[in-house]
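Reader: I have a few labels to check. Please take me through the reasoning behind each.

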Amino acid sequence: MAHHGEHLTTGSLREQMEALLDQHRAMLTASLAGLTEEEARRSLVPSLTTLLGLVKHATFVERVWFDEAVTGHSRVEIGIPTTVDESFTLTPDDTIASITAAHLDACAASRAAVAHLGLDDKVSGNRRGPLPLSWIYLHVLRELAQHCGHADILREQVLASR
């Protein structure tokens, strides 16, 4: 998201946080660039973590924190898995294109869902109780940063095996 680049160190705190979120969202999606479907699904660790699964999970994260937490809709209503493990599970229909499109849609929906909120405004749809938007931004940023690190290592392994 090059148009947000200037806001990484300038602009309001909100603009900086949103720019960092968008940067990490884009880095995670970019981890699939140039891979075959098999490479994106390759299991290299004992857990369910794969490159494609990480982006699928990131879509779940967006829906949990910017739909469920903001609107109070249930995961069933939103149409997302009820557990974290399920959010990494790939179906035969999952492709790089479908998972990428779903992630981009979720990110756009996330931005729209909180556009009317201030950083100090509280949302109450999460099981933890009311949380300020700033906490959600920081939590999602931490999670995306962690998953970008996982993706970097998995991608390095996939590319090294070519």
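Author: Start with contacts. This is a predicted model. Of the chain's contacts with a separation of 6 or more, 71% are between residues 24 or more positions apart.

Reader: What makes the chain as compact as a globular protein of its length?

Author: First, its make-up: 7 helices and 2 strands. The radius of gyration is 16 Å, and the globule rule gives 15 Å for 162 residues. The two values are close, so the chain counts as compact for that length.

Reader: Why is the contact between Asp22 and Arg111 called a salt bridge?

Author: The closest N and O atoms of Asp22 and Arg111 are 2.9 Å apart. The cut-off is within 4 Å, so the pair qualifies.

Reader: What does the Asp22–Arg111 pair tie together?

Author: Asp22 sits in helix 1 (residues 13–30), Arg111 in helix 6 (residues 96–114). The pair therefore links parts that are 89 residues apart in sequence.

Reader: How do you know whether Asp22 is buried or exposed?

Author: Its relative accessibility is 2%. Buried means under 20%, so Asp22 is buried.

Reader: And why is Arg111 called partly exposed?

Author: Arg111 has a relative accessible area of 32%. That falls between 20% and 50%, so the label is partly exposed.

Reader: What about Arg75, buried or exposed?

Author: Arg75 comes to 19% relative accessibility. The limit is under 20%, so Arg75 counts as buried. Its salt-bridge partner Glu68 is buried too, at 14%.

Reader: Which residues do shared salt-bridge partners join into one network?

Author: Asp22, Arg25, Glu62 and Arg111.

Note on methods: Residues numbered from 1 in each chain as written. Predicted model: local features only at pLDDT ≥ 70, side-chain atom pairs only at ≥ 80, totals over all residues. Heavy atoms only, no water. Helix = DSSP H or I, 4+ residues; strand = E, 2+ residues; numbered from the N terminus. Rg over C-alpha atoms; globule rule 2.2 N^0.38 Å. Contact = heavy atoms within 4.5 Å. Salt bridge = Lys/Arg side-chain N within 4 Å of Asp/Glu carboxyl O. Buried < 20%, exposed > 50% of the residue type's maximum accessible area, 1.4 Å probe, protein only.
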